[in-house]
Amino acid sequence: MRVYAFADEASAFVAGQIAAMRRNGLNGLEIRNVEGTNVSDLPIAKAKEIRNRLEDAGLIVWSIGSPIGKIHISDNFPAHRERFLHTLEVAEAMNAENIRLFSFYPDAGMEKDAFRDAAFERLNALIDAAKGAKVALCHENEKGIYGDIASRCKDIFEAVKSPALGCVFDPANFVQCGQTVYPDGFQLLKPYLTYMHIKDAKQDGTVVPSGFGEGGLKKIISELKKMDYQGFLSLEPHLGSFEGLAALEL
């Protein structure tokens, strides 16, 4: 297993992110925010510049930690699709293998089942838009979106049925949704796993050092080792204050 990280939790600046990655012996990152700009909004020239600086330091961009799909179901999807198309260009410029995305928030007062079909329609539109791109799309479970608990995440993977869509498994987010992470959530989503976040939380929602919450990380990592899992783990500790944190904790 290879271990990467969200380096923006260490620094808002490229130099600081490089220093943190090297200090911790990591050689790749899931890039999210750089110098006050979300990765999905970087100009292509800037994305290439950042890639060059990272590569000069011996680092790669493993995944684009995009906010795609983190809008309400009635929000302007054509405009959001354009942002996704730009994100695809950013991923290519950074030579990233994956783009992390989400499955949309309901409108106020709306039950999850009421917008299931609309969410799937939009996910399929993103998958279609990414055809031909050398990048995989990876859905992350997140509080409040359609795919917030394991059964609805499985519903996404079964209904969309595309090899272009994989699973980002986030234990802390499941805990914060009242999901039993291990064995229930993990066993349900294991067949779809692309990579997982190393983040943990207690039942009251408080994020804690990994292994000290209810996310079952020790048991999951042990099982992955027994499976001879050859994938990736992405550190997302959420243990300190960093630029952009407030926007993530919706």
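In this predicted model, a network of salt bridges links Asp8, Glu9, Arg32, Asp170, Lys199 and Glu236. The full count comes to 18 salt bridges. Here are three pairs:

| Pair | Closest N to O | Accessibility |
|---|---|---|
| Asp41 and Arg83 | 2.7 Å | Asp41 38%, partly exposed; Arg83 26%, partly exposed |
| Asp148 and Lys112 | 2.7 Å | both buried |
| Asp117 and Arg116 | 3.2 Å | Asp117 58%, exposed; Arg116 27%, partly exposed |

What does the bridge between Asp41 and Arg83 tie together? Asp41 sits in the loop between strand E4 (37-38) and H2, while Arg83 belongs to helix H3, so the pair joins parts 42 residues apart in sequence. With Asp148 and Lys112 the salt bridge runs from loop to loop: Asp148 is in the one between strand E7 (136-140) and helix H5 (150-160), and Lys112 is in the one between strand E6 (98-101) and H4, so parts 36 residues apart in sequence are tied together.

Now for the helices. Helix H1 (residues 14-23) has Val14, Gln17, Ile18, Ala20 and Met21 as its buried residues. Seen down the axis, they fall within an arc of 165°, so they line one face of H1. That buried set packs against strands E1 (2-5), E2 (28-31) and E3 (33-34), plus helix H2 (44-56). Over on the other side of H1, Arg22 and Arg23 are exposed. Just past the end of H1 comes Gly25, with a positive phi of about 70°.

Helices H3 (residues 77-94) and H4 (residues 116-129) have axes that come within 10 Å and cross at roughly 35°, and the crossing is right-handed. Phe77, Arg81, Phe84, Leu85 and Leu88 of H3 meet Arg122, Ala125, Leu126 and Ala129 of H4. That contact is made up of seven nonpolar, no polar and two charged residues.

Terms used: Residues are numbered from 1 along each chain as its sequence is written. This is a predicted model: local features need pLDDT of at least 70, side-chain atom pairs count only at pLDDT 80 or more; totals for chains, interfaces and linings use all residues. Side-chain values use heavy atoms; hydrogens and water are left out. Buried means under 20% relative accessible area, exposed over 50%, partly exposed in between (1.4 Å probe, protein chains only). Helices (H or I, at least four residues) and strands (E, at least two) are DSSP runs, numbered from the N terminus. The arc is that of the directions from the helix axis to the C-beta atoms. Contact means heavy atoms within 4.5 Å. Axes are lines fitted to C-alpha atoms, for helices over the stretch in contact, and angles run from 0 to 180 degrees between N-to-C directions. A crossing is left-handed if the near helix is turned anticlockwise from the far one by less than a right angle, and right-handed if clockwise. Ala, Val, Leu, Ile, Met, Phe, Trp, Tyr, Cys and Pro count as nonpolar, Asp, Glu, Lys and Arg as charged, and the others, Gly among them, as polar. A salt bridge is a side-chain nitrogen of Lys or Arg within 4 Å of a carboxyl oxygen of Asp or Glu.
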